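Hi,

Here is the structure I said I would pass on. Have a look at it first, and my notes on what turned up are underneath.

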Amino acid sequence: MTCATLAKGLLDLEVARARMIAAAEPIRGEEFVALDQAVGRVLSRHLVARLDMPSIDNSAMDGYALCLAELGERGLPVVLRVPAGAAVSALPEGGCARIFTGAPVPTGADCVIPQERVTLDGEGRMHVSGEAKPGANIRRRGEEYRAGDALLPSGATLNPAALAMLASQGIAEVPVLPRLTVALISTGDELIEPGEPCLAGQVYNSNRVMLRALLEQQGCEVLDLGIIGDTAEALHEAFVVTRDSADLVICTGGVSVGEEDHVRPVLEALGGLVFHGVAIKPGKPVAFGFLDDGSPEGVPLIALPGNPVASLVGWQLLARPFVQGRQGRAVGPLQQFNVRAGFSRRGNHGRRELLRVVLDWQGGLPVAFLAGGQGSHMLRAASQAHGYLMMAADTDVEEGHEYPYLPAGQFVD
Ligand code: AMP
Ligand code: MG
């Protein structure tokens with residue numbers, strides 16, 4: 001069991017992240033998928049180039065290919081026409097070729113003059129205005145990389161540009177790691193699903209649709225167990241089911257220390273806790289542990305808070321890097337830069353606070369303003385925020401001062 005020490009009190013955010021990332025065992029296995037099905041998938045092997053890139057010397061412009069040494073006062077007759085897709089040809093001595101972007105440069109030519117700098121006289125001879133340099137406007141064979149050179153490392157996520165590069169190599173199928181299957185459990189007796197009538201005291205399940213979307217954006221297969229009631233027995237049963245069918249379990253709610261909060265004791269009974277409680281606001285009651293399934297590692301379980309904004313922040317800062325690690329991907333540090341605050345606010349929570357803010361660009365510089373209500377249940381501001389101002393514990397925001405800003409874009413693939 002990978003369960004380590006149980007932290008006393010609240011863990012520092014960076015410590016909690018580091019522990020989770022260190023515990024994220026990359027998923028094993030390999031499958032081959034067609035390139036047009038591979039966006040977001042993770043390479044299981046290093047890929048090397050099959051072809052020189054470009055594979056032939058070709059023109060970077062629509063224009064005229066010639067041998068510069070042959071260009072004199074009288075210009076050159078146009079003796080050849082080379083469109084893209086033509087076979088490689090030889091330039092007859094004393095002549096030039098009409099050529100188009102991507103077409104193979106004829107042997108014997110050492111320069112392409114863009115058509116905008118060329119005039120044709122009455123005899124059909126080509127004259128060049130301005131300077132011409134050997135090699136100009138020719139994309140040389142292998143100038144980007146050679147066959148056998150590294151293209152992408154194992155663990156790379158296949159984004160659209162990567163797929164385009166693989167296509168340019170003629171690669172039709174790629175070896176990727178299996179998708180991560182993540183079980184999702186929403187705990188809470190008060191929860192009902194959108195579309196159902198709402199009785200007094202009931203609460204629509206926000207976390208389920210949010211986490212499903214986040215997991216799917218992350219390229220995970222979601223095994224959705226829906227809503228589980230607030231009893232230790234129901235939770236125990238759900239954990240046992242997911243332990244045997246998922247690579248990771250994520251649950252929301254029931255992870256505080258109230259009488260109705262059963263996640264921690266059930267997790268401890270079925271495996272073990274690595275930590276519970278991180279010094280962030282929102283997101284304090286995040287817990288991380290393993291369900292014992294008889295394997296050396298166990299099945300990891302991340303318990304996110306019930307309050308939806310706390311759940312979102314817990315996902316972004318802690319669960320997502322763990323998922324990335326499990327997916328075999330490299331996990332980068334949090335991206336942050338300083339931004340000026342356009343508001344003042346007291347901070348006295350003993351935790352790092354992530355304020356949901358929008359940026360207003362004033363004179364070309366960003367200024368952060370609160371996106372709306374900051375309660376951990378207030379989804380409207382969270383849904384409209386551009387990012388977070390990350391305030392150190394017990395630090396007031398003073399208008400005009402600069403604070404670390406985390407752009408929300410970094411949490412989306
Ligand atoms: P808990 O952590 O279970 O004590 O829940 C904290 C707060 O979050 C309570 O107000 C719950 O009603 C609310 N909550 C828990 N789970 C969800 C959910 N899936 N969607 C919306 N609100 C939730
Ligand atoms: Mg609850």
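A cut-off to start with, as I lean on it below: helix axes that meet at an angle under 35 degrees count as roughly parallel. Keep in mind, too, that this is a predicted model.

With that in hand, take helix α3 (residues 207–217) and α6: they pack with their axes 10 Å apart and an angle of about 15° between them. That angle is under the cut-off, so α3 and α6 are roughly parallel to each other. The crossing of this pair is right-handed. On the α3 side the contact uses N207, M210, L211, L214 and L215, and on the α6 side P308, S311, L312 and W315. Sorted by class, the contact of α3 with α6 has 7 nonpolar and 2 polar residues, with no charged ones.

α6 (residues 308–326) also has helix α1 (residues 13–23) beside it: the two axes come within 8 Å and cross at roughly 20°. Here again the angle falls under 35 degrees, and α1 and α6 are therefore roughly parallel to each other. The handedness, as α1 passes α6, is right-handed. If you want to pull up the contact, select L13, A16, R17, M20, I21 and A23 in α1, which meet Q316, L317, L318, P321 and F322 in α6. The residues of this contact divide into 9 nonpolar, 1 polar and 1 charged.

Then there is a pair that does not involve α6. Which way do α4 and α5 lie, given that their axes cross at roughly 50°? The helices in question are α4 (residues 232–243) and α5 (residues 263–270), and their axes come within 10 Å. That crossing angle makes α4 oblique to α5. α4 passes α5 in a right-handed crossing. From α4 the contact takes in A232, L235, H236, F239, V240 and R243, while α5 supplies V263, V266, L267 and L270. The class count for the contact of α4 with α5 is 8 nonpolar residues, 1 polar and 1 charged.

A few backbone details you may want to check before setting anything up:

- The peptide bond between M53 and P54 is cis, with omega about -10°. P54 sits in the loop between β2 (47–48) and β3 (58–59).
- K281 and P282 are also joined by a cis peptide bond, where omega is near 0°. You will find P282 in the loop between β19 (280–281) and β20 (287–291).
- N137 is not a glycine, yet its phi is positive, about 65°. This residue belongs to the loop between β9 (125–128) and β10 (138–139).

On the overall layout, the protein is divided into four pieces: domain 1 (13–27 + 179–326), domain 2 (32–48 + 150–176), domain 3 (58–139) and domain 4 (337–411). How far apart are the C-alpha centres of domain 1 and domain 2? They lie 31 Å apart.

Last, confidence. The average pLDDT for the protein is 96, and 98% of the residues score at least 70. Over residues 1–7, though, the pLDDT is below 50, and this stretch has 21 contacts in the model beyond near neighbours in sequence.

Cheers

Conventions: Residues numbered from 1 in each chain as written. Chains lettered and ligands numbered in written order. Predicted model: local features only at pLDDT ≥ 70, side-chain atom pairs only at ≥ 80, totals over all residues. Heavy atoms only, no water. Axes fitted to C-alpha atoms, helices over the stretch in contact; angles between N-to-C directions. Helix = DSSP H or I, 4+ residues; strand = E, 2+ residues; numbered from the N terminus. Parallel < 35°, antiparallel > 145°, perpendicular 65-115°, else oblique. Left-handed = near helix turned anticlockwise from the far one by under 90°. Contact = heavy atoms within 4.5 Å. Nonpolar A, V, L, I, M, F, W, Y, C, P; charged D, E, K, R; others polar. Domains from an automatic or database assignment. pLDDT = per-residue confidence, 0-100.
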